[in-house]
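Colleague: I would like a close look at a single part of this protein, with each term explained as you go.

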Amino acid sequence: MVSGERSPGGARRASLLGLLLALLLTLPALLPLLRSGFFVSDDGLFHVYRVAALAEAWGQGVLWPRLFPDFGFGYGQAVLNFYAPLSYVPAAVLSVGGMNPATAVQVVIGLSFLLAAAAAFGYGNFLFGPAGGVLAAVVYSYAPYHLADAYLRGAAPEHMAFIFPPLILWAFTAAFWPGRSEGFRYGADAYSTREAEGFRYGADAYSTREAEGFRYGADAYSTRGYSSDDLPTIPHSPFTVHRSPFTNPWPPLLWGSLAWVGLVLTHNLTALLMAPVAVLHLLVLAAWTRRWRRLWGAAGALLLAVGLSAFFWLPALVESRAVGLSVGASAGYANHMLTAATWLRRSLAFFLNPAETLGPVFPLSWFALALVAVGGVLALGAALKLPAFRRGGHALDAHAAGSVGDRPEQRGAGSVGDRPEQGGAGSVGDRPEQGGAGSVGDRPEQGGDRPEQRTGVRSDDNFDGVKLPVVAFHLAVAVGAMFMTTAASLFIWQPLTALLGQLQYPWRFLLLEAVGLMGVAAALPALLPRGSRVDRVGVLAVSRVDRVGVLAVSRSALIVAVATLLAMLAALPGLRVEPLPVSAADARLPDRMWAEDAAAGQVGATWTGEFLPLTVAEQRWALGRGRPDALDGAALQPAPSVTLSRLGYAAWTAQVETAEPLTLRLHQFYQPGWRAAVDGRPAALYATGELGLATVDLPPGTHQVEIAFGATPARVAGLLLTLLAAAIWIALAFARGRSRSLQVAGVALGIAVAALALNSLGVGQHTWTPRPVQATLEDVAVLMAADASARPELGVAEVTLYWLALRETSQNFQTFVHLLGPDGAVIAQDDGDPVGGYTPTTRWRPGEIIADRRIIPLPEGLPAGDYGLRAGLYQVEPLRNLTVDPPAADNRVDLGTLTLP
């Protein structure tokens, strides 16, 4: 095997070692996660609660719960109908396996750091080799906003979204790239080499093993398996040189579509940010490679991504009109713009800046500005072909017609010698620089294989060297993102408030800054000029090794070391996390979430009420409190009989007997997705009261009533689009992809989409029948049924009481549940306002069904066995239990027993 061409195994080893180094260098970013317990952050606990709710839904057989019934003080909010769900899936998997959801979120944050670093490495390695990949991963990982997203903001979904931009850029770049299989194979415009392994040259030609690369002749070469009909001849050249065929674009395009789906399903706003960047990227690629037709394939891949994610974005877009999202974007972003006083702080380390400046704004990083400046100067120097770069032997400067050699200044006609400066036309030597006109070498510069080495060929750096269009693109993204965080960009924000205002904070553009810096950093080894000669002592002085050879690796290592050190010094000092204990019970049970919402005057574990239905007229801060103007109302007479026959996740089936027309209400906000059927026929469901409760009207008689949260026209249409797009994607993967990994991905995609579709029809969803009770407590309420379960892993027993309110009341009656020992004594209890204390009975409406979950702490050391349960309502002043019908001792309703394992 000719060592001048990188072997597949060698390329894989180099990439693997680079990846391992990139991941190792990323590990210090994970150090704050090593503290025990969770950490204080802006939004972190919100995501913990969502992970726990998703895991609970899976436990009831619902794969994608658009609604979390316990959120919003038990009134329910359709969080995952509007907020991308993918970031919660890995943590929910860990949570279902028994891990504390808070710990699971920390694990996923750590994995997201590593996966984002791996993605950045892959992109940088694809463009500039392992050294560029390591630099890309380091700079991307230590972008201050990347760290702040995890540890200050606790924005786990946005943090996970960092994984996908490098994958998107990598995939679509590869779709425009020259032929590649097990490393690079190059023709007229590109080359592949492993310089450290040495070269083998002939007088005028050399050949490599046919299965691994090319055959070359003195005046021409051919690439196995490709027709020369499609490859143009370069004019005015002594050779017949073929431009290499490009890759089959479908594999990278299909992977790129999946990367886009991943981003859309991970974080809505990051997908919005990346959309114009991706369009610009495609235009740059098309203009650079002159493969404009590839834009059609890229557009097709994007359409596939749109279709594959339609089950999420289509209903989110259509149904957002019914919730707070439709209120419109706020101009509050102006309060978070960087000004002349805040755009750059005095400390070189980002997190050593005063804490108060990191709240309303995130200043720019000195390291980011320095990297943009250095990259910009070097790229400009390369583009202008400054004398220093020509002396440095940059690949861009190889323009002498008929010259051969690795360094431009080494290509003089007629000279012969051991060094390139000494070689002449027709000469033969051990090094490529020693070849003359007409020679063929492993490097394109060495045999007229590069376009800029041939008269009449445009002298761009298409697929090797510094790849200036790529560098310019990343510089533009970085600079543009920085600019959009400053007050100077208000003239752009203000007319586009309806769109840009959805971002809420200008600092979200710092994610794009990281994307830009990633590409600039990866290009540094190629941008820096190389010295013309290196003299060393001893053996090296004899061999006079040039920097293009082994010493180039040392230079790259130095660049990696310096850039890594600076990136860490700019980002890690001052980064601290404050511990925040979150037990498994805190995460899995709603009580702590409700308490935090009540304290903050919010609802649904968000800050802006964006998922609150517009039918809710009550103020957010008052939702968990009693109704101050509540009056005693007339009771339903005669009291209807309501028997809960089947329950499911956000689904109710009841047998109702009523002598008078009955307005039946759920203790759930009405929003798109709630539907009702009476005696098997669809019935109108609508919102009533200041809380906009889901309500259905029943005529007198006996009826079977079904109320469930499920499909809407937009959800059905989105799912059908996803099924169609998945079928097309799978067909292309098998017909055009010709890749085993793509075919495996196609099978997995088909299984996932089919499972989602079937589950949305009810397949696999669990239902159960609660324990019937049917006890009437005066004229206030009927205790219809109860559920009870022991949760020893949380140290609690969970009892849900299902009440039917008979009238409005001005008193806040308290509910209670007692756990009785073998002797009948109360050994544990829970009492207070219904629904964890956040639905006082003054909020109850006649005909409302309230699921009142009570959490009873279990005493330590309680032996296994059966324990009695009693429940009821009591009045605080004067203290008494409401009387029960049928009569019961102490006016406590018998709920049966609870078995403790």
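Colleague: In which helix of the protein is confidence lowest, and in which strand is it highest? Please then take me through the sheet that contains strand 8 and strand 12.

Modeller: This is a predicted model, in which local features need pLDDT of at least 70 and side-chain atom pairs count only at pLDDT 80 or more, while totals for chains, interfaces and linings use all residues. Residues are numbered from 1 along each chain as its sequence is written, and side-chain values use heavy atoms, with hydrogens and water left out. Confidence is lowest in helix 19 (residues 539–543), at a mean of 33, and highest in strand 11 (residues 693–698), at 98; here pLDDT is the predictor's confidence in each residue, from 0 to 100, and helices (H or I, at least four residues) and strands (E, at least two) are DSSP runs numbered from the N terminus. For the protein, the mean pLDDT is 83, with 79% of its residues at 70 or more.

Turning to the sheet, it is an open one of six strands in the order 9-8-12-6-5-13, with antiparallel pairing, where two strands pair if DSSP finds at least two bridges between them. Strand 9 (681–683) and strand 13 (767–768) are at the edges and have a single partner strand each, so one side of each is left without a neighbour in the sheet. Further in, strand 8 (residues 674–678) runs antiparallel to strand 12 (residues 701–709), and five bridges join them. Ala 677, for instance, has Glu 706 in strand 12 as its bridge partner. In general, strands of a sheet pair through backbone hydrogen bonds, either parallel or antiparallel.
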